[in-house]
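Colleague: I would like a close look at one part of this model, the stretch of strands towards the end of the chain and whatever lies beside it in the sequence. Please take me through it slowly.

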Amino acid sequence: MLLLLSALITSLNLSQTRDLAVYVKKDWSDHALWWEKKKTWLLKTHWTLDKYGIQADARLLFTPQHKLLRLQLPNIKHMMVKVNFSDRVFKAVSDICKTFNIRHPEELSLLRKPRDPKKKKKKLEEAEEDDLELEGPLFTPGSGLYSKTMTPTYDSRDGSPLSPTSAWFGDSPLSEGNPSILAVSQPISSPDVLVKLYKPQSLLDKAKINQGWLDSSRSLMEQDVKENEVLLLRFKYHSFFDLNPKYDAIRVNQLYEQAKWAILLEEIECTEEEMMMFAALQYHINKLSIVSSDNHMNNSEKEVDEVDAALSDLEITLEGGKTSNSLGDITSIPELADYVKVFKPKKLTLKGYKLYWCTFKDITISCYKSKEEAHGTPAHQMNLRGCEVTPDVNISGQKFNIKLLIPVADGMNEIWLRCDTEKQYAHWMAACRLASKGKTMADSSYNLEVQNILSFLKMQHLNPDPQFIEPITTDINPECLVSPRYLKKYKNKQISARILEAHQNVAQMSLIEAKMRFIQAWQSLPEFGITHFLGGKKEELIGITYNRLIRMDAHTGDAIKTWRFSNMKQWNVNWEIKMVTVEFADEPSLSFICAEVDCKVVHEFIGGYIFLSTRAKDQNESLDEEMFYKLTSGWV
């Protein structure tokens with residue numbers, strides 16, 4: 001086939017001389033043969049056409065491998081990017097992330113733009129054209145500054161992005177006064193932007209969006225992606241490894257942007273108090289971003305100790321990362337013991353919470369009628385391994401509830417715990433979250449989890465002293481800070497007043513801290529990280545997270561049954577009937593039909609999370625691509 005390509009290129013070069021007086025030699029090195037019928041690139045030039053199975057009547061296209069894509073980033077801005085259409089999507093995304101200086105590209109992937117069924121196709125195309133706010137510059141993957149030495153990219157004083165990345169942008173329009181624009185959050189210019197974007201109305205709508213994830217083990221051309229098509233670059237896997245603002249200026253900002261838009265478009269549920277807290281953080285970040293984008297070029301040598309100290313309290317420890325190796329006191333495991341109100345809902349009963357003396361040892365809660373009976377047999381006992389833990393909190397109403405769904409043979413038992421104070425709630429909630437993963441309070445992440453919960457609650461407090469609240473100004477624009485649900489519920493002036501009141505809790509934060517707090521609060525929401533898919537039954541959904549599978553009620557979102565990856569032996573896919581079967585160590589296997597979605601997408605989510613769980617901080621920056629393909633491709 002190499003001889004065929006050489007002859008083809010010679011023929012093409014000679015054909016140019018018919019139109020040019022002087023022979024001009026063109027570089028054809030990026031071209032390759034594409035077999036349209038079989039949707040296959042003929043990249044093995046040492047193979048003969050016969051070995052590929054090509055007959056004389058086959059139509060082959062001699063085309064460039066690198067083509068233009070309109071890439072929509074998590075901040076909803078579009079960029080023209082030249083991407084290799086013959087590379088597997090996993091490799092193409094890695095190259096894009098190198099260009100944009102985003103570490104850990106394995107967490108991202110490409111998603112087809114969801115179609116709003118309420119909009120006509122012609123109007124939708126017009127809206128897409130209007131939405132292309134950043135048509136340039138043109139980026140070619142591989143040309144970026146991707147530093148494995150991890151030079152800090154944040155200003156240590158105010159958290160604004162530093163300027164050394166200017167070489168990456170070169171002479172592009174984005175380098176004029178602001179070379180690190182992808183690390184700077186840009187305020188939403190108009191409420192019309194929100195109106196144009198698709199908002200899922202139900203869990204079924206969210207599941208339909210997830211049908212659009214591209215297959216990471218196949219190329220763009222193999223998946224019918226056209227040149228100049230709009231694709232969405234998104235954080236696909238909600239397991240953010242080694243997230244460090246000192247090294248991840250762009251990654252942190254794009255994560256913040258994805259979280260912001262998920263909340264504004266109601267892709268994830270949050271309470272009214274949480275919405276006002278998110279709005280206050282967004283308002284604060286917008287103000288600091290305007291200042292930092294004007295001033296961040298005026299950098300002098302600064303100590304990084306300040307930012308290190310500020311970030312020490314903000315470290316985000318996720319399942320994908322490794323916690324500290326500190327063993328602490330290994331002779332004993334911490335315990336909790338206190339009076340807690342317990343409620344077990346039953347059909348045809350109106351009984352409410354009952355006060356028990358509860359002890360939390362290892363991963364088990366024991367309930368006694370009184371403190372004096374704690375040495376006897378408990379009235380109730382609950383093993384929390386594999387349970388679902390959901391907060392139900394209202395700061396103004398002093399409600400601190402914990403909802404537990406505990407796995408049993410025939411489904412899930414529902415138990416509610418009610419705490420009296422924020423401090424008590426934080427300790428019991430942190431212990432429940434760890435116990436659900438099979439960890440005790442001796443784990444080094446326990447104290448950090450308690451502090452994260454307390455700081456999350458603190459940000460939702462109302463400031464009763466009006467003298468510290470800013471006067472309402474025209475620049476607050478609540479229509480761009482809260483979701484449509486609350487715009488319908490309250491007047492703009494009321495929302496503005498509540499945002500400014502909530503702003504007092506975050507007004508002293510630096511830009512870095514505010515973004516990290518926003519991401520951290522996003523991660524604290526009950527629905528965070530659940531990717532929904534339509535199951536075989538109409539009334540059910542399958543949810544996939546970084547550590548478990550959930551069978552869910554399609555209407556309420558309640559968990560029917562949960563299975564942990566840590567207890568999984570293997571999973572298989574029957575490609576003919578689109579059935580995924582997952583086997584577990586000590587419980588019945590799970591089988592479900594992938595309705596309206598390619599089961600390859602579901603298979604890739606399971607394998608992808610297993611792959612991400614193998615990452616360690618002592619590894620180098622390189623990715624084990626072959627291991628990823630083994631776990632996710634299914635047939636390669």
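Modeller: Let me begin with a single pair of residues, bearing in mind that the model is predicted: Glu-540 stands opposite Asp-553, which belongs to strand S18. The two strands concerned are S17, covering residues 540-544, and S18, covering residues 548-553, and they run antiparallel with five bridges joining them. Both belong to an open sheet of four strands, in which the order is S16-S17-S18-S19 and the pairing is antiparallel. At the edges of this sheet lie S16 (531-534) and S19 (559-564), each of which pairs on one side only. If you follow the sheet from strand to strand, neighbours are turned against each other by 20 degrees on average, with direction ignored. As general background, strands of a sheet pair through backbone hydrogen bonds, either parallel or antiparallel, and in a regular strand the side chains alternate between the two faces of the sheet.

Further along the sequence there is another antiparallel pair, made by strand S20 (residues 568-574) and strand S21 (residues 579-584), with six bridges between them. Within this pair, Trp-571 stands opposite Val-582 of S21. S20 and S21 form a hairpin with four residues between the strands, and Lys-578 takes a positive phi there, near 60 degrees.

Beyond the hairpin in numbering come two cysteines that a biochemist may wish to check. The sulfur of Cys-594 has its closest cysteine sulfur in Cys-599, and because the separation is 4.9 Å, the two are too far apart for a bond; a disulfide would need the sulfur atoms within 2.5 Å. Cys-594 has a relative accessible area of 2%, so the residue counts as buried. For the structure as a whole, the number of disulfides is zero.

On the other side of the sheet in sequence lies helix H15 (residues 511-524), whose axis comes within 9 Å of that of helix H8 (residues 249-264), the two crossing at roughly 50 degrees. At that angle H8 and H15 are therefore oblique to each other, and the crossing in which H8 passes H15 is left-handed. On the H8 side the contact is made by Val-252, Asn-253, Leu-255, Tyr-256, Ala-259, Lys-260, Ala-262 and Ile-263, while H15 contributes Lys-515, Met-516, Phe-518, Ile-519 and Trp-522. A little after H8 in numbering, Cys-270 is also buried, because its relative accessibility is 9%, where the limit for buried is under 20%.

Notes. Residues numbered from 1 in each chain as written. Predicted model: local features only at pLDDT ≥ 70, side-chain atom pairs only at ≥ 80, totals over all residues. Heavy atoms only, no water. Buried < 20%, exposed > 50% of the residue type's maximum accessible area, 1.4 Å probe, protein only. Pairing = 2+ DSSP bridges. Axes fitted to C-alpha atoms, helices over the stretch in contact; angles between N-to-C directions. Parallel < 35°, antiparallel > 145°, perpendicular 65-115°, else oblique. Left-handed = near helix turned anticlockwise from the far one by under 90°. Contact = heavy atoms within 4.5 Å.
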